[in-house]
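Hi,

Here is the structure I said I'd pass on. Have a look at it first, then read my notes underneath.

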Amino acid sequence: MKSDIEIANSVELQKISQIAKKLNLSEDDIEMYGKYKAKIKINPNPKSDNLVLVTAINPTPLGEGKTTTSIGLADGMSKLGKSVCLALREPSLGPVFGIKGGATGGGMAQVAPMEDINLHFTGDIHAITAANNLISCILDNHLQQGNELNIDVDKIVWKRCMDMNDRALRYITVGQGGPTNGVERHDGFNISTASETMAILCLSEDMADLKRRLSNIIVAYDKNDNPITCGMLGCVDACAILLKDALKPNLVQTLEGTPAVIHGGPFANIAHGCNSIIATKTALTLADYVITEAGFGADLGAEKFLDIKCRLSGLRPKCVVLVATVRALKYNGGVSKEDVTKPNMEALKKGSVNLLGHIDNLKNEFGVNVVVAINKFITDTDEEVEYIRQVCDEYGAKVALCECWAKGGDGSIELAQTVLKAMENPSSLHFTYELNSSIEEKIKAVACKIYGAKDVEFTPKAQESIARINKIGKSALPICIAKTQYSFSDDATKLGRPKDFVLTVKDVEIRGGAEFIVPICGNILLMPGLSKKPAALGMTIDEKTLEIRGLF
């Protein structure tokens, strides 16, 4: 069986100028990065509202093919004669060299050139990292040069970032070695995809909005507990200069030549998990149908897409595709990840409550049309697949089999037809909370309505942080909860559909530029670490041909 990278390399791609023509873009509308990648210069002005959001049940550590299904669905719609464009996130190098892998799909349902997209792509994440760390440089230099803003070094909340999993950088000390090396203080790194700079890029409407948001970043507090912003440091335009090209969405293609706009890459467990507003609106400007995705399970990515991105942008999906796999449901039924490929009807039945929980949230809490996509793996038995169909039918949810990994767009025709039919039904998006509710009330709304908690417990540190946010007048912002992706709860071991648990909020952080509040729950970390045997250890590159192996 060929690996994903071998499949991708066996396909002759179309030149990116040909892909642009499918969207009625001329060569003057794009800035080419070689033969197969380009930046789009067009200003978003959506002509269509046919937006489809792809989300999923709670995943296993192996990944369950949400991006693959998104790509397959777009290819399937294209085969049905629809003008369609994907709007996806950019992969982070952290997962690529860690456990999960990249984010370009798999099998016959991939976006390409997959090596470029999964590695440096067009340099967007590097630009985000540079802008983020420029703020850190300016901040530390301000301290060194006299600290005119009277910053309290113990109340600096801004962190550096890098696009790698590096646990050794979570808690560090900078400025060591005497006065010539800066002011000694505690610091740390987040992964770039969890940085506020990434969130700002993805939530900005244009350059003016980007600069406004950069200016409003809270980097620290002074000795009177007043917020110190990036605007007060005077480096907003310098950061915007670093981000001017990164603000433009990227155009690539699927293996079948369907256009794909890929831009921005925040994680959904520790950030808001959606591609950029600019990219989604650009896709809706260029095509009649747009397929986008939100990271991890629907309790994380879809909730944040609907409660944050949709609220801010005015976007409304006409249908939400909920990706489910036999093996993920068996994992939620208590089977180890090593045994999920073995037939086990008892575990499948037990774990199906996870699927039903997500269907219930999307249909009844958010009020959106839902189609369950069964992403079929070759180890799935007919009995297992039929059971999921039966459960969905009994629960009143539309369901379709998706075999895009093996068959590409041809394996997604049933899903495409089901989604197109579902989009004809009216829907009315309901938000989980009102913005003018208290921070505690908003957190409890998501915890109780979406996660299934009976209550929320706030640590003294979280209570202190909430009081500070209230004091500076930033409480009327949406919330972006950071928690594990493997469970509805904040405990990764509570699989299936846990109920009546208490969600523990350890701390609450303010993102003044991104304009949301981040409650941090459970053991979630904003800088991931590597496993004992990360994927990087199995990668090779040929000295002569430069062929990469082991990337997937």
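Below is what I found around one sheet and the helix that lies across it.

Keep in mind that this is a predicted model.

The sheet first. It is an open one with three strands in the order β20-β21-β22, and its pairing is mixed. β20 (455-458) and β22 (516-521) are the edge strands, each with a single partner, so one side of each has no neighbour in the sheet. On average, neighbouring strands here are turned by 45° against each other, ignoring direction. β20 and β21 (residues 502-511) run parallel and are joined by four bridges. If you want a spot to zoom in on, Val456 sits opposite Leu503 in β21.

Now the helix. α19 (residues 460-471) lies across β20, β21 and β22, and runs at about 35° to β21. With 12 residues, α19 reaches 16 Å from first C-alpha to last, close to the 16 Å expected at 1.5 Å a residue.

Which residues of α19 are buried? They are Ala462, Ser465, Ile466 and Ile469. Looking down the axis of α19, the buried residues fall within an arc of 100°, so they line one face of the helix. That fits the general picture: an α-helix has 3.6 residues a turn, so residues three or four places apart point the same way. The cover over the buried residues of α19 includes α18 (439-451) as well as β20, β21 and β22. Pro460, Glu464 and Lys471, on the other side of α19, are exposed.

One last thing: Gly473 follows α19 and has a positive phi, near 75°.

Cheers

Notes. Residues are numbered from 1 along each chain as its sequence is written. This is a predicted model: local features need pLDDT of at least 70, side-chain atom pairs count only at pLDDT 80 or more; totals for chains, interfaces and linings use all residues. Side-chain values use heavy atoms; hydrogens and water are left out. Two strands pair if DSSP finds at least two bridges between them. Helices (H or I, at least four residues) and strands (E, at least two) are DSSP runs, numbered from the N terminus. Axes are lines fitted to C-alpha atoms, for helices over the stretch in contact, and angles run from 0 to 180 degrees between N-to-C directions. Contact means heavy atoms within 4.5 Å. The expected span of a helix is 1.5 Å times one less than its number of residues. Buried means under 20% relative accessible area, exposed over 50%, partly exposed in between (1.4 Å probe, protein chains only). The arc is that of the directions from the helix axis to the C-beta atoms.
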